[in-house]
Amino acid sequence: MVPSDAASSPTTFIDVLFGWAVSFITMLSHLLNGYLTAFFVFTGIILNLLSVSIFLRKERAGTPAIQYYLVTLTLWQTALLANAFLLYSFPNLWWGHLVSQGTYVYLYPYVYTFANTTHTGSVWIVLTLTIDRYLALCQPLKHRAIGKKRRVRRLMVAVSIMAIVFSIPRFFEVHVVLLCERSEHNCVAAIDRTELFDNRLYWTIYHVILAMVFVTLLPCLILFALTLRISIALRSAIAKRKSLCAPNSDIDTRCKSMKSSRYNSSRKDHKSNIMLVLVIAKFLVSDILPTVIDVLEHLVGQSAFMRSPLASLFVDISNFLIVLNCSSNFWVFFVWGKRFRRSCRKCIKSTHIGACIYDMAQWNTDSEVSLCAPSSFTTVNVTKAYGSTERSFRYKRNMELIVSRTDDTSSTTNPSRT
């Protein structure tokens with residue numbers, strides 16, 4: 001009896017530990033796919049649409065061709081967020097888990113296809129953006145010939161159409177079937193794989209070879225190599241600019257005092273390049289785990305891979321990282337783009353609620369500004385003359401100093417007046 005008890009107790013402990021781990025993984029998957037994904041989906045869609053609106057407003061006044069990449073990428077990522085909500089978040093919030101039966105599954109063939117389309121389009125747009133930045137920094141003469149606005153617009157349209165065409169076979173991989181019990185009136189819709197999905201030749205060519213070459217493995221390797229090369233080029237540009245304007249030389253003093261247009265434009269280009277490299281690097285980090293999971297799934301086999309709870313958790317984490325990447329580009333634009341911040345401030349101030357919030361934020365700097373109410377004639381004149389920003393007050397102070405110096409000079413040159 002003693003040996004049997006001793007043998008049964010470790011087994012019971014392992015079973016309890018395994019059950020606790022499975023329940024924890026299920027809870028974490030529900031949290032990732034449900035509440036966190038829904039939060040970042042809604043905030044990301046709002047911020048992405050705001051970013052597109054700002055980019056389109058800037059386009060009217062003349063814009064660099066790089067913004068066509070950013071607008072197209074933002075639109076693709078916004079569509080990806082919407083598909084992630086329909087495919088993962090909404091079923092978890094409504095039913096508590098992903099559903100495979102019921103009326104809702106009629107959406108799955110379309111959402112599944114478009115989710116893969118948006119991911120493919122995002123990968124290819126980021127890849128073309130990376131190549132553009134590589135040519136701009138490492139081969140500027142070739143970039144001047146290629147990177148024209150009209151060609152960039154055509155390239156974005158062509159890449160988007162190619163992403164749609166490449167993802168069309170996904171629509172024929174799943175379909176809705178009716179499961180009936182005893183009578184035809186008691187049927188329920190269910191999602192199931194088609195014969196095309198189970199075809200070994202199709203799986204090898206499309207999912208293994210083409211997907212790894214055009215979507216997952218090879219694009220990630222190219223993005224990593226080009227991003228590393230761009231980072232090296234940026235560091236060399238920083239070192240070259242510092243050598244041209246050394247801290248103790250007269251050139252540096254001249255640069256700081258005169259604020260030449262060439263010096264300022266080089267700084268702006270450098271910041272914009274850093275912003276774009278951050279967008280590329282953020283996308284690369286979020287896409288590494290899905291690529292690794294895709295490779296492991298091909299090596300182990302799909303049926304064995306999907307039976308593992310830990311593998312399912314890694315899939316949920318990879319999907320959440322993609323959602324997080326698609327919803328956070330606005331903050332990169334806002335932190336590193338000075339023109340984007342200025343345009344964002346103008347866009348917010350153009351609405352009544354945004355103007356109220358902005359005036360409340362500026363209340364401590366200017367007591368003449370009236371909150372959310374029409375100003376009087378005197379208040380309007382004062383606001384126009386002196387403004388509500390620090391620059392306007394500095395301008396007023398400088399004008400007063402100039403007037404006082406002029407009076408002192410005139411009194412010195414004309415002593416008979418005193």
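At what angle do helix α2 and helix α3 pack, and how far apart are their axes? I would like to start there, and I should say at once that what we are looking at is a predicted model. Helix α2 runs over residues 66-95 and helix α3 over residues 108-138, and the two pack at an angle of about 150°, with their axes 9 Å apart. Since angles over 145 degrees count as roughly antiparallel, α2 and α3 are therefore described as roughly antiparallel to each other. The crossing in which α2 passes α3 is left-handed, and when the residues of this contact are sorted by class, there are 17 nonpolar, nine polar and two charged ones.

Let me step back to the protein as a whole before returning to the helices. The protein has 17 helices and two strands, and of its 418 residues, 36% count as buried. If you take the contacts with a separation of 6 or more, 72% of them are accounted for by residues 24 or more positions apart. The protein exposes about 25800 Å², and carbon and sulfur atoms supply 66% of that area.

Now, back to α2, which also packs with helix α5, residues 149-166, at an angle of about 20° and with the axes 10 Å apart. Here the relevant cut-off is 35 degrees, under which angles count as roughly parallel, and so α2 and α5 are roughly parallel to each other. Their crossing is right-handed. On the α2 side the contact is made by Tyr68, Tyr69, Thr72 and Trp76, while α5 brings Lys149, Val152, Arg153, Leu155, Met156, Ser160 and Ile164. By class, that contact comes to seven nonpolar, two polar and two charged residues.

A further pair to look at is helix α13, residues 329-336, and helix α14, residues 338-349, whose axes come within 5 Å and cross at roughly 105°. That angle makes α13 roughly perpendicular to α14. The residues making the contact are Phe330, Phe333, Phe334, Val335 and Trp336 from α13, together with Lys338, Phe340, Arg341 and Cys344 from α14. Sorted by class, the contact of α13 with α14 has seven nonpolar residues, two charged ones and no polar ones.

I would like to finish with two individual residues, beginning with Val323, which has its place in helix α12, residues 309-326. Is Val323 buried or exposed? Its relative accessibility is 3%, and because buried means under 20%, Val323 counts as buried. Leaving out residues up to four places away in sequence, Val323 touches Thr37, Phe40, Val41, Leu81 and Ala84. In addition, Val323 and Ala82 are 241 residues apart along the chain, and yet their C-alpha atoms are separated by 9.8 Å.

The second residue is Phe224, in helix α8, which covers residues 217-244. With a relative accessible area of 52%, and with the cut-off for exposed set at over 50%, Phe224 is exposed. Phe224 lies 56 residues from Ile280 in sequence, and the C-alpha to C-alpha distance between Phe224 and Ile280 is 9.2 Å.

Terms used:
Residues are numbered from 1 along each chain as its sequence is written. This is a predicted model: local features need pLDDT of at least 70, side-chain atom pairs count only at pLDDT 80 or more; totals for chains, interfaces and linings use all residues. Side-chain values use heavy atoms; hydrogens and water are left out. Helices (H or I, at least four residues) and strands (E, at least two) are DSSP runs, numbered from the N terminus. Buried means under 20% relative accessible area, exposed over 50%, partly exposed in between (1.4 Å probe, protein chains only). Contact means heavy atoms within 4.5 Å. Accessible areas come from the Shrake-Rupley method with a 1.4 Å probe; for residues, only the protein chains shown count as cover. Axes are lines fitted to C-alpha atoms, for helices over the stretch in contact, and angles run from 0 to 180 degrees between N-to-C directions. Angles under 35 degrees count as roughly parallel, over 145 as roughly antiparallel, 65 to 115 as roughly perpendicular and the rest as oblique. A crossing is left-handed if the near helix is turned anticlockwise from the far one by less than a right angle, and right-handed if clockwise. Ala, Val, Leu, Ile, Met, Phe, Trp, Tyr, Cys and Pro count as nonpolar, Asp, Glu, Lys and Arg as charged, and the others, Gly among them, as polar.
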